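User: Please take a close look at one part of this model and explain how its pieces fit together. Then place that part in the setting of the rest of the chain.

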Amino acid sequence: TQGGLLLPRLSTSQRNALQNPPEGLHIYNTTNKCVEVWFPSGWKPTGCDCNSAPPIPGQIQGPALVCPGDAWVSFSVPQVQGAMQYQWVIDNQDTLVSNNGGDTILVNFSNQQGNRTLSVTAGNSCGISSASTFQVQVANPVAAFTVNPSSPNINNAAQFNATTANATFAWTFQNGTPASSISQTPQVTWSQMGQVQVRLIATSTAGCVDTLDSLLN
């Protein structure tokens, strides 16, 4: 009746430096003023000192461009002081596959292309914060180009221009000089008349690929 159990007191950085903490380990986190327990999925707060709702979470971290059908895409927010849990909201056509309630989630995206909005709030026993939001574009690249002149002249360079944004390029030019290029705007010369094939492979920054085969005269 004269005392109580005083948990080990660690800052967040000290806690994170623990090697292989045993499941069920309790600490008092002096950084966020929370009692925390180690579970296989990570540290979870069981109680925090508060007299108001947590502040709004910081910027959501994750890719702003993903491919249709991408799976296990990770998004996270920096830990919010005083937060006991996080509530994530994603678009209905996608699937939250991991850890709603934590500061990191995994999302499976559907094959439907378009823009998505992710949001997250931080909560404790005193209330729930405003939401932090993040825009994600789900899209395949579209391999497309222009060429000037549209019918290249013998021994005169034709100027190609790949019009896809946020992508890298791989060209092949049948019987052309050069025969291939990774430039967005290559110049190519042909030394003989006839129909030739031009192939453009566009790869987005998310790793999605689109291929265009075109015939030029």
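Analyst: Strand S15, residues 167-173, is joined to strand S16 by two bridges, and the two run antiparallel. Two bridges are also the minimum here, since strands count as paired only if DSSP finds at least two bridges between them. Strands are DSSP runs of E with at least two residues, helices are runs of H or I with at least four, and both are numbered from the N terminus. The model is a predicted one, in which local features need pLDDT of at least 70 and side-chain atom pairs count only at pLDDT 80 or more, while totals for chains, interfaces and linings use all residues. Residues are numbered from 1 along each chain as its sequence is written, and side-chain values use heavy atoms, with hydrogens and water left out.

One bridge between S15 and S16 sets threonine 172 against serine 180 of S16. Between these two strands runs a loop that holds proline 178. The peptide bond leading into this proline from threonine 177 is cis, and its omega is near 0 degrees. On the other side of S15 in sequence, the loop from S14 to S15 contains asparagine 166. This asparagine has a positive phi of about 55 degrees, although it is not a glycine. Asparagine 166 is also exposed, at 57% relative accessible area. The cut-offs are over 50% for exposed and under 20% for buried, with partly exposed in between, using a 1.4 Å probe and protein chains only.

S15 and S16 belong to an open sheet of four strands, ordered S16-S15-S18-S19 with antiparallel pairing. S16 (180-181) and S19 (209-216) are the edge strands with a single partner strand each, so each has one side without a neighbour in the sheet. In general, strands of a sheet pair through backbone hydrogen bonds, parallel or antiparallel. At the other end of the strand order, S18 (residues 196-204) pairs with S19 over eight bridges, again in the antiparallel sense. Glutamine 197 has leucine 215 of S19 as its bridge partner. S18 and S19 form a hairpin with four residues between the strands, and in this hairpin glycine 207 has a positive phi near 95 degrees.

A second open sheet takes up other strands from this stretch of the chain. Its three strands follow the order S13-S14-S17 and pair in the antiparallel sense. Its edges are S13 (145-148) and S17 (187-188), which have a single partner strand each, so one side of each lacks a neighbour in the sheet. S14, residues 158-162, runs antiparallel to S17 and is joined to it by two bridges. Across from alanine 158 stands valine 188 of S17. The loop between S13 and S14 holds proline 149, and the bond from asparagine 148 to this proline is cis, with omega near 0 degrees.

Elsewhere in the chain, a few residues are worth locating. Threonine 121 sits in strand S10, residues 114-124, and counts as buried because its relative accessibility is 17%. Beyond residues up to four places away in sequence, threonine 121 touches, among others, Pro57, Tyr86 and Ile128; contact means heavy atoms within 4.5 Å. Glycine 102, in the loop between S8 (95-98) and S9 (104-108), is buried as well, at 7% relative accessibility. With its neighbours within four places in sequence set aside, glycine 102 is in contact with Tyr86 and Trp88. Asparagine 20 lies in the loop between helix H1 (12-16) and strand S2 (26-29). It has a positive phi near 50 degrees and is exposed, with a relative accessible area of 71%.

As for the whole, the chain has one helix and 19 strands. Its radius of gyration is 27 Å, well over the 17 Å that the globule rule gives for 217 residues, so the chain is more spread out than a compact globule. That radius is taken over C-alpha atoms, and the rule is 2.2 Å times the number of residues to the power 0.38. Along the principal axes, the C-alpha atoms fill a box of roughly 100 × 35 × 25 Å. Of the 217 residues, 36% are buried. Among contacts with a separation of 6 or more, 49% link residues 24 or more positions apart.
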